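Trainee: I have just opened this entry and would welcome a short tour. May I put some questions to you as we go?
Mentor: Certainly; please bring up the structure and we shall begin.

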Amino acid sequence: MLLEDEVPVESFEGIEFPAPAKVRLEMRYADRMLHVAGSVDALARGHCDACLADVERDLHLDVNERFDPAEGRSADPFAESNVLTGDRLDVADLAQQLVLSALPLGLRCSDECKGLCPVCGGNLNAGECSCT
Ligand SMILES: [Zn+2]
Ligand SMILES: [Zn+2]
């Protein structure tokens with residue numbers, strides 16, 4: 001079964017998701033397990049945690065999960081969730097968790113962001129400030 005959907009993602013700690021996440025998942029049963037594979041694409045918008053610049057970042061997440069319908073809950077990292085209820089997969093919940101798990105350190109303008117100088121507050125991405 002192929003599922004294509006667009007689901008809204010709730011904002012999270014200052015990070016907003018202005019457009020719904022695009023979900024494309026293939027689901028199939030094998031060995032009494034529900035296998036979910038595919039991708040989730042989302043757009044995250046907010047401020048860089050380090051330098052406070054406006055950031056807009058595309059997130060592309062590959063999904064490859066197994067759920068056990070008999071238990072009604074899945075193995076980590078979704079053990080505490082209700083992603084699977086009976087034989088119904090909560091796509092919105094799944095997408096939300098995947099997107100948030102892709103932002104463990106919050107939003108950054110880039111992996112190389114130097115942040116702000118702790119002394120003068122200058123943006124070190126724009127060059128060294130006079131206090132260094
Ligand atoms: Zn930054
Ligand atoms: Zn400085």
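Trainee: Is Cys131 buried, exposed or partly exposed?
Mentor: Cys131 counts as partly exposed, because its relative accessibility is 39%, and the band between buried and exposed runs from 20% to 50%. Please keep in mind that this is a predicted model.

Trainee: Which residues are the protein donors of the zinc ion (ligand 2)?
Mentor: Cys131 is one of them; the others are Cys117, Cys120 and Cys129, and each donates through its SG atom. These donors lie 2.1 to 2.3 Å from the zinc ion (ligand 2).

Trainee: How are those donor residues spaced in sequence?
Mentor: The spacing is C-x2-C-x8-C-x1-C. Within that set, Cys120 and Cys131 are eleven residues apart, and both belong to the segment after helix 1. Cys120 is partly exposed, as its relative accessibility is 44%.

Trainee: Why is the arrangement around the zinc ion (ligand 2) called tetrahedral?
Mentor: The four donor atoms subtend angles of 104 to 114°, and therefore the arrangement is tetrahedral.

Trainee: What about the zinc ion (ligand 1): which residues are its protein donors?
Mentor: The SG atoms of Cys48, Cys51, Cys109 and Cys113 serve there, 2.2 to 2.3 Å from the zinc ion (ligand 1). That site is tetrahedral, with angles of 104 to 115° among its four donor atoms.

Trainee: And what spacing do they follow along the chain?
Mentor: They follow C-x2-C-x57-C-x3-C. Cys48 sits in the loop between strand 3 (33-47) and strand 4 (54-68), while Cys109 is in the segment after helix 1, so this pair links distant parts of the chain, 61 residues apart. Cys48 is buried, with a relative accessible area of 1%, whereas Cys109 is partly exposed at 34% relative accessibility.

Trainee: Changing topic, which residues touch the most other members of the largest nonpolar core?
Mentor: That core has 30 residues, and the ones in question are Phe17, Val23, Val36, Val40, Leu89 and Val99. Strand 1 (2-7), strand 2 (21-30), strand 3, strand 4 and helix 1 each contribute at least two residues to the core.

Trainee: What is Val99 in contact with, beyond its neighbours in sequence?
Mentor: Leaving aside residues within four places, Val99 contacts Val9, Phe17, Val40, Ala42, Leu59 and Leu61.

Trainee: Last one: where is Gln96 found?
Mentor: Gln96 is in helix 1 (residues 91-101). Gln96 is buried, because its relative accessible area is 14%, and the cut-off is under 20%. Beyond four places in sequence, Gln96 touches Val9 and Glu10.

How values were computed. Residues are numbered from 1 along each chain as its sequence is written. Chains are lettered from A and ligands numbered from 1 in the order in which they are written. This is a predicted model: local features need pLDDT of at least 70, side-chain atom pairs count only at pLDDT 80 or more; totals for chains, interfaces and linings use all residues. Side-chain values use heavy atoms; hydrogens and water are left out. Helices (H or I, at least four residues) and strands (E, at least two) are DSSP runs, numbered from the N terminus. Buried means under 20% relative accessible area, exposed over 50%, partly exposed in between (1.4 Å probe, protein chains only). Contact means heavy atoms within 4.5 Å. Donors are N, O and S atoms within 2.8 Å of the metal (3.2 Å for Na, K and Ca); water is not among the atoms, so sites may look incomplete. Four donors count as tetrahedral if all angles lie between 85 and 135 degrees; four count as square planar and six as octahedral if opposite donors are over 155 degrees apart and all others between 65 and 115; anything else is irregular. A nonpolar core is a set of buried Ala, Val, Leu, Ile, Met, Phe, Trp, Tyr and Cys residues joined through side-chain atoms within 4.5 Å.
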